[in-house]
Amino acid sequence: MSVEPLIIEGGRIVDPSSNRDEVGDLFLRDGVVSTPFARDKARVIDAKGKVVSPGLVDIHVHFREPGQTHKEDVGSGTRAAAAGGFTTVVCMPNTSPPCDNPATIRYINNAIAENAVVKVHTTGCLTKGMEGDSLAPIGSLKKAGVVAVTDDGRCVQNNALMRQVATYSEMFDLPVMDHCQDTSLTEGSVMHEGDWSLRLGLKGWPAAAEDIIVSRNIILSELTRAHIHMQHVSSAGSVSLLRRAKQRGVAVSGEASPHHISLTDKYLGGYDPVFKMNPPLRSEDHRLALIEGLRDGTLDCIATDHAPHRNYEKDVELDSAPFGITGLETSLPVCLETLHRSSGFSLSEVIDLMTRKPAGLLDLQAGTLSEGADADVTIFDSEKEWTPTIDGFQSRSDNSPWLGQTLRGQVETTIVQGRIVYEDGKIL
């Protein structure tokens, strides 16, 4: 189906993949970034005073379909992605049933074909049923189209099995994405182990529970040559371990989430379950270590870990509440505030962490405005203030700590393969 040619006029075009940061016009025709063509043949979008970037890329989202569509499904999840400026996302396999077989992958791909408004890639499980007992059919999952394997939400505790996972994944050229948690140290834990857990009388979740698994994965990556990616890194120790491993050339990588770089465990002081996350929000020294990890390249990208839950599920006592928050619709302004305005990152560096770098980790064709690339574009006002509301969210869930808070930086238009999918607060 043909799409209307577009000229995005007079915006600040920031494309780290081509070292471009200049005011100019961007031409989109036949679904790709084009050479200039006549103005009278296209719709012109006035982007003066706005930033024009590659469509944002998120390699870590939960869309809950199949099995928990009351929280989110592919349709609502991708609408949330579009509203947040994301044009490509990678969904996790911890659905019900889990994505440990080609049939479930085909089911999700059908839902994507019917309902998605942005590009969605799937992942498959590391182990059958995500039980951590036996290997999932990684070769069959690769044939079904997954771009990585992960048991996200759970962590394989058996080191011999994790070695098998790494060996087979390397054979099939699939990255392993790991949720790093030694569960023997976290049973019954709800928040970071530190001063605040002592004050609140809540069982602490030590940073060592993450550091031990990151260490294990570095050793196994060296042994098998598999690319192992550490999801939602939260501890200073993990950053230090990854930094030294990368200096030795080990094939490991890591991501940081907007909430872990912007919030700390002190927010649990009111026992509010909306701040309960896995891994937990940690102390200020850990938060600052994550930012330094992003600055020096130890951590490779930003990923939201968008984890929707309905308000009645979160509106319970802290011990009983599920872990996680939504993140797709607030990620960009949170990162602009935390990294660009407060930590000295350039605008281009922030966009790089949310476009080219995550796309490169999983070899996705995304994150660039180079001529001939898919016309995936985000236009945003980096200074516009707005307040997230329940009614304003496209996600089916609203478990966000930024509800009612003033944020600065708002997405105005999201374009996928040359087609406008989100504009002026509405899905088109």
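How many disulfides does the count come to in this structure? The count comes to 0 disulfides. Please keep in mind that this is a predicted model. Here are my notes, point by point.

1. **Cysteines.** Two cysteines help to show how the count of 0 disulfides arises. The sulfur of C91 has its closest cysteine sulfur in C99, at 6.7 Å, which is too far for a bond, given that a disulfide needs the two sulfur atoms within 2.5 Å. C301 is in no disulfide either, and the nearest cysteine sulfur, in C335, lies 11 Å away. As for their surroundings, C91 counts as buried because its relative accessibility is 5%. C301 also counts as buried, with a relative accessibility of 0%.

2. **Helix α1.** Have a look at α1, which spans residues 74-83. Of its 10 residues, 9 are buried, so the helix is largely enclosed by the rest of the structure. The buried set consists of V74, G75, S76, G77, T78, A80, A81, A82 and A83. Several elements contribute to the cover over these buried residues, including the strands β7 (86-91) and β8 (119-122) and the helix α2 (102-115). Strands from much later numbering take part as well, among them β17 (407-416), β18 (419-423) and β19 (426-427).

3. **Helices α4 and α6.** α4 (residues 159-171) and α6 have axes that come within 10 Å and cross at roughly 45°. The two helices are therefore oblique to each other, and their crossing is right-handed. On the α4 side the contact is made by N159, M162, R163, A166, T167 and E170. On the α6 side, R216, N217, L220, L223 and T224 take part. By class, this contact has 4 nonpolar, 4 polar and 3 charged residues. If you look at the spacing along the helices, a general point helps: an α-helix has 3.6 residues a turn, so residues three or four places apart point the same way.

4. **Helices α6 and α7.** The axes of α6 (residues 208-224) and α7 come within 9 Å and cross at roughly 15°. That angle makes α6 roughly parallel to α7. α6 passes α7 in a right-handed crossing. From α6, the contact draws on E210, D211, V214, S215 and I218. From α7, it draws on G237, S238, L241, L242 and A245. These contact residues divide into 5 nonpolar, 3 polar and 2 charged.

5. **Helices α7 and α9.** α7 (residues 236-247) also packs with α9 (residues 284-295), at an angle of about 25° and with the axes 8 Å apart. α7 and α9 are therefore roughly parallel to each other. Here the crossing of α7 past α9 is left-handed. A236, V239 and R243 supply the α7 part of the contact, and H286, A289, L290, E292 and G293 supply the α9 part. By class, the residues divide into 4 nonpolar, 2 polar and 2 charged.

6. **Cis peptide bonds.** Two bonds deserve a careful look, and the general background is that most peptide bonds are trans. The bond from E65 to P66 is cis, with omega near 10°. P66 sits in the loop between β6 (56-61) and α1, the helix described above as largely enclosed. The bond from N278 to P279 is cis too, with omega near -5°. P279 is found in the loop between α8 (258-262) and α9.

7. **Positive phi values.** Which residues other than glycine have a positive phi? M130 is one of them, with a phi of about 55°. R225 is another, with phi near 70°. The general expectation is that most residues other than glycine have a negative phi. M130 lies in the loop between β8 and α3 (138-144), while R225 lies in the loop between α6 and β13 (228-230). Are these two buried or exposed? M130 is buried, with a relative accessible area of 6%. R225 is exposed, with a relative accessible area of 69%.

Methods:
Residues numbered from 1 in each chain as written. Predicted model: local features only at pLDDT ≥ 70, side-chain atom pairs only at ≥ 80, totals over all residues. Heavy atoms only, no water. Axes fitted to C-alpha atoms, helices over the stretch in contact; angles between N-to-C directions. Helix = DSSP H or I, 4+ residues; strand = E, 2+ residues; numbered from the N terminus. Parallel < 35°, antiparallel > 145°, perpendicular 65-115°, else oblique. Left-handed = near helix turned anticlockwise from the far one by under 90°. Contact = heavy atoms within 4.5 Å. Nonpolar A, V, L, I, M, F, W, Y, C, P; charged D, E, K, R; others polar. Buried < 20%, exposed > 50% of the residue type's maximum accessible area, 1.4 Å probe, protein only.
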